[in-house]
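Please look over the sequence and the structure below before reading on. The report that follows describes the packing of the chain and then two places in its loops.

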Amino acid sequence: MPGYPEILQIIQAFYDIAKKDVMIGYHFRVIADFDEHIPRIADFWNLQLNGKMHDKSQLPFQLIKVHIPLKINQGEIHRWVKLFNDNLESSVAKELIDEKVHKAWMEKVDHFKEKLRAAI
């Protein structure tokens, strides 16, 4: 599995794209300190993939609870997942991760996607 530095790089690359996306970018652009939130997101994925955290002061993660007030619709969830998968495929091409990690990461994404869909 990738370490925290690689996860952080992948997450930063993803949100660089997602913030500009015509369908979902507005969710991120309205958060004044969103770039400061990136390490927290990377820590979330480090915990999911490796069972480790870079900064334990970030706990607790309440992924579903914090996203409900955003009123994310099903199409936006689908778009986020597509862009995230595309970013992971790009990370495979750049040899930041391998196909096994890509698959494992997308399994985690699918898990949380279903939890979020059920909550909204």
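Leaving aside its neighbours within four places in sequence, which residues is Trp105 in contact with? They are Ile7, Ile10, Ile11, Trp45, Leu49, Phe84 and Leu88, where contact means heavy atoms within 4.5 Å. This is a predicted model, in which local features need pLDDT of at least 70 and side-chain atom pairs count only at pLDDT 80 or more, while totals for chains, interfaces and linings use all residues. Residues are numbered from 1 along each chain as its sequence is written, and side-chain values use heavy atoms, with hydrogens and water left out.

Trp105 is also among the residues with the most contacts inside the largest nonpolar core, which has 34 residues. Such a core is a set of buried Ala, Val, Leu, Ile, Met, Phe, Trp, Tyr and Cys residues joined through side-chain atoms within 4.5 Å. At least two residues of this core come from each of α1 (4-18), α3 (34-50), α5 (74-93) and α6 (99-119), the helices being DSSP runs (H or I, at least four residues) numbered from the N terminus.

The buried residues of α6, including Val101, Trp105 and Phe112, pack against α1, α3, α4 (63-67) and α5; buried means under 20% relative accessible area, exposed over 50%, and partly exposed in between (1.4 Å probe, protein chains only). At the start of α6, a side-chain oxygen of Asp98 comes to within 3.1 Å of the backbone nitrogen of Lys100.

Two loop residues have a positive phi although neither is a glycine.

| Residue | Phi | Loop | Relative accessible area |
|---|---|---|---|
| Lys71 | about 55° | between α4 and α5 | 71%, exposed |
| Glu95 | about 65° | between α5 and α6 | 72%, exposed |

Note on methods:
A polar contact is a pair of N or O atoms within 3.5 Å; within protein, one must be able to donate a hydrogen and the other to accept it, and residues adjacent in sequence count only if both atoms are side-chain atoms.
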